[in-house]
Amino acid sequence: MRFGTYFAYWENEWDADYLQYCKKVSALGFDVLEVSGAGIYSMNEEELKELRREAERYGLKLTACIGLTKDNDVSSEDEKVRANGTAFVKRLLDHMHIAGIDRLSGITYSYWPFDYSQKFDKPVMRAYAIQSVREMADYAAQYDIILNLEVVNRFEHPLLNCAAEAVGFVEEVDRPNVKILLDTFHMNIEEDTFRDAILCAGPHLGHVHIGEANRKVPGKGHIAWDEIGEALRRIGYDECVVMEPFVKEGGKVGLDIRVWRDLSDDADEAKLDSDIADSLVFVKKSFWRQIRIINVRKHLL
Ligand code: MN
């Protein structure tokens, strides 16, 4: 398992200068920096190469995450909108390849956040989503890029709310580079238990987002970290575990995530840094305690 964090913990906008975060998250002890697909899409070739070099300099793996906008809805009944969406994602995949990024996570099967003011037909949406995901996955395969479809709660999207729905979806998509992303914030709302959801996803699990129920850094809330660590070990999970905390209101990030109050205890940047560094130690301890127990069991056998 490799541990990382999303850059937006420190930012109010999705499109930020990612270069500075390579040094910062590396210094805080992380091995992975997750950036926004929207930012990667808008960078030119030289900027993408510069980001790649900076990540390599600090030994960081880069991953990307995005929720497609409504005009790029790849599950739309309108063929033109779907074509817009798949063209956008293909260009994003081109950019990711230049930046050395081989994991695209988030809502790439529809759009986000979902607009519930309009009528929709879930089975029709699902069928178009499957068709588009296959097309994008086949394009991503040339770059060995994996699409990790994010399971989100009912208030954000209606299609994939729990691990079981996502397993059915990716099995029907039937592409080796299409996997599932589970996020503890969404799981807390939709799943019976964290353990059962992770076991259900099993070999389909390609990415994990972690955060508390109120999106604070792990360790400041009531999420069952020991249970999650044990379940990940049980399925032999060896991919990225990326923190996705959102604790500051303001900007497009605050609006999209619905952050309406300060959840950081008015932290300045130094305090945000020390909070997330402490959280990383906490998560490793929670997950690795389970690893040690399993290793002791193996030794006894
Ligand atoms: Mn997430």
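What is the volume of the largest cavity? About 50 Å³. Keep in mind that this is a predicted model, with every value here computed from it.

## Enclosed cavities

Two cavities of 30 Å³ or more turn up in the structure. Around the largest one sit Ala8, Tyr9, Glu11 and Asn12, together with Phe246, Val247, Lys248, Gly250, Val253, Gly254 and Val259. Sort that lining by class and you get six nonpolar, three polar and two charged residues.

The second largest cavity comes in at about 40 Å³. Its lining is made up of Leu182, Thr184, Met187, Ile198, Leu205, Val208, Ile228 and Leu232. Seven of these count as nonpolar and one as polar, with no charged residue in the set. As for where they come from, helix H7 (184-190), strand S7 (205-210) and helix H9 (225-234) each put in at least two lining residues.

## Open pockets

Now for the pockets. The largest has a volume of about 420 Å³, and 25 residues line it. Nearest its centre you'll find Trp14, Ile66, Gly67, Trp112 and Asp256. Strand S3 (61-67), strand S4 (103-107) and helix H10 (251-257) each give at least two residues to this lining. The class split is 13 nonpolar, six polar and six charged.

The second largest pocket holds about 260 Å³ of space. It has 14 lining residues, and those closest to the centre are Asp73, Ser76, Phe114, Lys119 and Phe120. By class, that lining has four nonpolar, four polar and six charged residues.

## A look at threonine 63

Strand S3, one of the elements that supply the lining of the largest pocket, also contains threonine 63. Is this residue buried or exposed? Threonine 63 counts as buried because its relative accessibility is 0%, and the cut-off for that label is under 20%.

Which side chain does threonine 63 pair with in a polar contact? That would be glutamate 34, at 2.8 Å. Glutamate 34 also shows up among the residues in contact with threonine 63 once neighbours within four places in sequence are set aside. The rest of that list runs Val32, Leu33, Val35, Ile101, Arg103, His207, Cys240 and Val242.

Conventions
Residues are numbered from 1 along each chain as its sequence is written. This is a predicted model: local features need pLDDT of at least 70, side-chain atom pairs count only at pLDDT 80 or more; totals for chains, interfaces and linings use all residues. Side-chain values use heavy atoms; hydrogens and water are left out. On a 1 Å grid over the protein atoms alone, a cavity is a set of points where a 1.4 Å probe fits but cannot get out, and a pocket is an open set with protein on both sides within 12 Å along at least five of seven lines; lining residues have an atom within 4 Å of a point. Grid points are joined across faces, edges and corners, and a volume is the space filled by probe spheres set on the points. Ala, Val, Leu, Ile, Met, Phe, Trp, Tyr, Cys and Pro count as nonpolar, Asp, Glu, Lys and Arg as charged, and the others, Gly among them, as polar. Helices (H or I, at least four residues) and strands (E, at least two) are DSSP runs, numbered from the N terminus. Buried means under 20% relative accessible area, exposed over 50%, partly exposed in between (1.4 Å probe, protein chains only). A polar contact is a pair of N or O atoms within 3.5 Å; within protein, one must be able to donate a hydrogen and the other to accept it, and residues adjacent in sequence count only if both atoms are side-chain atoms. Contact means heavy atoms within 4.5 Å.
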